[in-house]
Each structure stands twice: as structure tokens, then as C-alpha cells.
Amino acid sequence: MISRGQLAADLRSLGVRPGDVVMAHASVRAVGEVAGGPDEIHLALKDVLTGEGTLIMYAGCPRYADEVGRGNLSAAEEAEVLDKLPAFDPDTARSARDHGILVEFLRTYPGARVNPHVARFVAWGRQTGHLLSPQPWDFAFGAGSALERFVSLDGKILMLGSDHDTVTFLHYVEHIADLPAKRIARFKVPVTEHGVRVWRDMAEFDTSGAGVHA
């Protein structure tokens with residue numbers, strides 16, 4: 001069993017410093033049993049970063065919220081989603097399950113904030129307001145995004161038991177890289193406008209497994 005203090009010491013040995021801006025990707029299972037539960041992982045990170053630092057993770061959106069129009073669902077499945085899926089609420093919607101449980105623990109812990117977008121980040125700390133400043137509705141991982149501001153702050157990426165292909169920052173690279181004929185994904189998202197659920201069009205350079213370029 002690992003204590004919060006032990007985690008903090010290990011994080012320091014990995015190079016996390018007070019005042020850093022850190023984007024974390026973590027497998028709670030890989031970390032092992034933590035005394036007090038998974039919350040102690042992000043709390044240990046906060047201990048090391050101190051109030052001068054900032055922690056950010058990618059939360060995304062629940063299943064189906066950004067699937068209509070991508071071509072991954074059958075016509076019948078899309079029709080059912082269009083009929084039944086509630087509007088996406090960034091403040092209450094659960095994080096994408098395939099991003100791991102730690103981001104949901106961080107999102108629901110006092111002091112965390114999210115940006116109002118399905119390309120949703122959760123942040124805590126000094127630079128939260130800057131990182132979560134308004135971003136473009138379309139191509140939300142590129143210019144003007146939280147990821148671009150993360151770069152400007154010399155952010156560090158922390159991986160705890162995660163593979164390199166899970167790094168959300170790669171989507172920023174996909175968006176700004178000068179590649180010919182980059183694939184564009186176009187889809188619809190359920191949002192609330194004037195008290196009514198509507199399906200709003202969105203576009204991004206393809207962040208799916210197919211990739212932005214062959």
C-alpha cells in the first residue's frame with residue numbers, strides 16, 4: 001500500500017516541481033493500492049506542485065456525445081442517439097471512461113474547474129483561468145486551445161502507468177502540423193441553447209484511431 005507522502009516523494013524524483021504546469025495521464029491500477037483511495041494520487045500531485053502550480057487532465061465527454069456524424073454508428077444507432085441523448089452539460093457530465101478514473105476523481109473534487117466544451121479539460125491551480133480561457137468551438141485542440149496555452153506555459157506531461165499513444169497533447173500536434181490533405185472529422189454535439197436541446201455541428205482534425213493523416 002502506497003501513502004500520499006510516498007507518492008509525493010516519487011513525483012519529486014520524476015521531476016515534478018513547485019509551480020510547474022503538469023498535464024497528467026494515469027492508470028490508477030498501474031499505480032497500485034493507495035492508502036485512502038485514488039484521490040490521494042491527485043492530492044499528492046497538488047502537494048508537490050503547491051498553490052503556485054497547476055494540474056490539468058483531459059476529461060472529454062460521455063459516450064455518444066460527439067459520435068453522431070463520424071460514421072462509427074449505424075443509421076439506426078444514430079437515430080436513437082439523436083432522439084434520446086440529453087444535452088451535454090460540461091459541469092456535470094462524467095468524464096470519458098476510457099480516459100481512466102483519476103480524471104473523474106479530480107473533476108469532482110472541490111477546487112477543480114472545467115471548460116464548457118466537449119473537448120473538455122479539468123484543471124486545478126494557479127493557471128486554471130488562463131488554461132481554460134475561451135477556445136474555438138471548431139478545431140478545439142489547435143490554435144487558441146488549452147493545449148496551446150499549455151505549451152506557452154512550458155507545461156510538463158506526467159505519465160503514470162500510461163502508454164505514449166494516450167497523450168492528449170498529440171492532438172495539438174495533429175492540429176498544427178503542416179501536413180497535406182489532413183482528415184477532418186465533422187460531427188454533431190447535443191447542447192442547450194435558450195433552454196432547448198439542439199444538435200450543434202462541430203469539426204476537428206481527425207483525432208480518432210484512423211488519424212489525421214495516412
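# Reading a predicted chain: surface, fold, charge pairs and phi

The accessible surface of the chain is about 10,900 Å², and carbon and sulfur atoms hold 52% of that area. Accessible areas follow the Shrake-Rupley method with a 1.4 Å probe, and for residues only the protein chains shown count as cover.

Visitor: What kind of model is this, and how are residues numbered?

Guide: This is a predicted model, where local features need pLDDT of at least 70, side-chain atom pairs count only at pLDDT 80 or more, and totals for chains, interfaces and linings use all residues. Residues are numbered from 1 along each chain as its sequence is written, and side-chain values use heavy atoms, with hydrogens and water left out.

Visitor: What does the secondary structure of the chain come to?

Guide: Helices (H or I, at least four residues) and strands (E, at least two) are DSSP runs, numbered from the N terminus. Here there are eight helices and seven strands. The radius of gyration is taken over C-alpha atoms, and the globule rule is 2.2 Å times the number of residues to the power 0.38. For this chain the radius is 18 Å, close to the 17 Å that the rule gives for 214 residues, so the chain is as compact as a globular protein of that length. Along its principal axes the C-alpha trace spans about 50 × 40 × 30 Å.

Visitor: How many of the residues count as buried, as a percentage?

Guide: Buried means under 20% relative accessible area, exposed over 50%, and partly exposed in between (1.4 Å probe, protein chains only). Of the 214 residues, 45% are buried. As for contacts (heavy atoms within 4.5 Å), among those between residues at least 6 apart in sequence, 65% join residues at least 24 apart.

Visitor: How many salt bridges are there?

Guide: Side chains of opposite charge can pair when their charged atoms come close. The rule asks for a side-chain nitrogen of Lys or Arg within 4 Å of a carboxyl oxygen of Asp or Glu. The count is 10 salt bridges. R94 pairs with E104, with the closest N and O atoms 2.7 Å apart. R94 lies in the loop between α4 (75-84) and α5 (102-107), while E104 is in helix α5, so the pair ties together parts that are 10 residues apart in sequence. R94 is exposed at 53% relative accessibility, whereas E104 is buried at 11%.

Visitor: Which strands does the D201 and K188 pair link?

Guide: D201 and K188 form a salt bridge whose closest N and O atoms are 2.7 Å apart. D201 is in strand β7 (residues 196-205) and K188 in strand β6 (residues 184-193), 13 residues apart. K188 is partly exposed, at 32%. Another salt bridge joins R70 and D66 (3.7 Å, N to O), and R70 is partly exposed at 22% relative accessibility. R4, E40 and D47 are linked in a network of salt bridges.

Visitor: Which residue in the loop between β6 and β7 has a positive phi?

Guide: Most residues other than glycine have a negative phi. H194, in the loop between β6 and β7, has a positive phi of about 55 degrees although it is not a glycine. H194 is exposed, at 83% relative accessibility. Y64 also has a positive phi, of about 85 degrees, and is not a glycine. Y64 sits in the loop between β2 (54-58) and α4 and is partly exposed, with a relative accessible area of 27%.
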